[in-house]
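Visitor: Hi! Could you walk me through this structure?
Guide: Happy to, here it is.

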Amino acid sequence: MLTQIDKAHDLARRFGGERDGEFAPAGVPISRIAEEYGTPFYLYHGEMIVERVRRVRESLGQGVEVLYSVKANPSLAVCQLIAGERLTGAEVASSGELVVVRAAGFAPEDIVFAGPAKTDDELRRAVDEGIFAVNVESLNEIDRLAAVAEQRGRRIGVGLRINPAAQLMGSLMRMGGTVGQFGIDQADLGEAVRRTLAHPDHLILRGIHIYTATQVFDVDPLLEHCSNIFEIALKTADLAGRPLEMIDFGGGFGVPYFEKMGEFDLERFGEGFQQLLASYRSDPRLEGCRFFFELGRYLVAHAGVYVTRVVDVKQMKGKAFVTTDGGMNHHLMATGNMGQVFRKSYPLLNLSCMGREPGEAVTVAGPCCTPLDMFGANIPLAEPKPGDLIGVFYSGAYGYSASNLGFLSHPTPAEVLLWQGKAHLLRSPGKPQDVLNGQEALALTRG
Ligand SMILES: Cc1ncc(COP(=O)(O)O)c(C=O)c1O
């Protein structure tokens, strides 16, 4: 199993390696990008995203569609790259995500909308756009969606997001098979089908959606879970008395961010899934059915690096501390403040001196005034000096948009895309005066 430092070097090599001792993704020296856009910034590698989408599609087999879970990285250009690939679609969770995927070129018939608290306004947008399915998460939501569709004089597709009775074992974080706010209890499947079919002029029952876990690495339990999803789908078709048009299997394929984590075995999962699909595909209850996997981090996490500059290096009672100009304010996940129980560090590298052996282990901390702002302790970085650039790998997912960008009012980071050997600015870096944006100074009277 690779150490964190080996993983970082491996990812750096996949980005395009180094030149004259510095990280040079796709041949572009990182210091040049830093000079042009300032630090910190997020850098995404377009070809790595496209290559991953193709690999996933090939592994899952003919006709299986890959939906991009936009919450992982809602950058317009990232969505455009995926929308330009065959047999892809998008899974959105808000009106904003719906806006971005339409702007990126995803067709309405390739979009599904999930989320446990969709407002009437969001349902209205989904209906007006004519997306393929609103994946409803409660019995009430079925009735609300029908009412909205009636108001708009339209019909809209419905996916029933089911919380299955059986747990998916072997994952790190579960959102189904447990008691929680997501989906409709499997025990209520019959009622959900009945309610959907009660509105034939406004609702079209497309099928089912089951997403129960993220960071899944164990192939066999995941295949068992998919087999269970097929069975629930067939039961749904029986209850409806007609074939289903959609099974959305969720996904949750894992990304090995941390020490002792190996890659998700996509090829083995794909082989198993193809066999499973072959055994169900000819069932008349699935005639014409579309098969979806919805993936976020697995498509984009590996293709992003967050780059921050060393501001200071100091010793405190025999320990070395390196402070950087970006931290938890830009990257909540990589500082262990989201999705982790115990803080573990992402793969980090000193991008300014790639060839040098790591020296003394250091603590890497961001600029926010809290001990929570830390990329990690005991990191074997190569001799960090003020001005060096530190790379935080696996930062393509749940980075910019998943962070508390307003905390401490530092400027927001730029987002840059490498595509066809060139760096393209996707989002300009913020400025200190942005803190006043949208605020009104009051003419306060006192006394
Ligand atoms: C319904 C749904 N689909 C897809 C995803 C994407 O998960 P991941 O990024 O682990 O692929 C999530 C993540 O929370 C989700 O809630």
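Guide: Below we talk about domains, the core, the ligand shell and a few backbone details.

Visitor: What should I know before we start?
Guide: This is a predicted model, where local features need pLDDT of at least 70, side-chain atom pairs count only at pLDDT 80 or more, and totals for chains, interfaces and linings use all residues. Residues are numbered from 1 along each chain as its sequence is written.

Visitor: Cool. How is the protein divided into domains?
Guide: There is domain 1 (4–45 + 304–431) and there is domain 2 (107–295), with bounds that come from an automatic or database domain assignment. Their centres, taken over C-alpha atoms, are separated by 36 Å.

Visitor: And how many residues of domain 1 are in contact with domain 2?
Guide: Four residues of domain 1 are in contact with four residues of domain 2; contact means that the C-beta atoms, placed from the backbone, lie within 7 Å.

Visitor: Which residues have the most contacts inside the largest nonpolar core?
Guide: Those are V101, V134, L145, V158 and L348, in a core of 128 residues. Such a core is a set of buried Ala, Val, Leu, Ile, Met, Phe, Trp, Tyr and Cys residues joined through C-beta atoms within 7 Å. Buried means 20 or more other C-beta atoms within 10 Å of a residue's own, exposed means 12 or fewer, and partly exposed is in between, with C-beta atoms placed from the backbone.

Visitor: Why does that core lie between the domains?
Guide: Because domain 1 and domain 2 both give residues to this core.

Visitor: What does V101 touch?
Guide: Not counting residues up to four places away in sequence, V101 touches V70, C79, A90, V92, F106 and I111.

Visitor: Switching topic: which residues are closest to the ligand?
Guide: S69, Y211, T214, G296 and R297 are the closest of the 14 residues that surround the ligand. A residue is near the ligand if its C-beta atom, placed from the backbone, lies within 6 Å of it.

Visitor: Now the backbone. Where is the cis peptide bond?
Guide: The cis bond joins T39 and P40, with omega about -5°.

Visitor: Which phi does Y398 have?
Guide: Y398 has a positive phi of about 50° although it is not a glycine. E383, also not a glycine, has a positive phi of about 30°.

Visitor: Is Y398 buried or exposed?
Guide: Y398 is buried, with 25 other C-beta atoms within 10 Å. E383 counts as partly exposed, because it has 15 C-beta neighbours inside 10 Å.

Notes: Contact = placed C-beta atoms within 7 Å.
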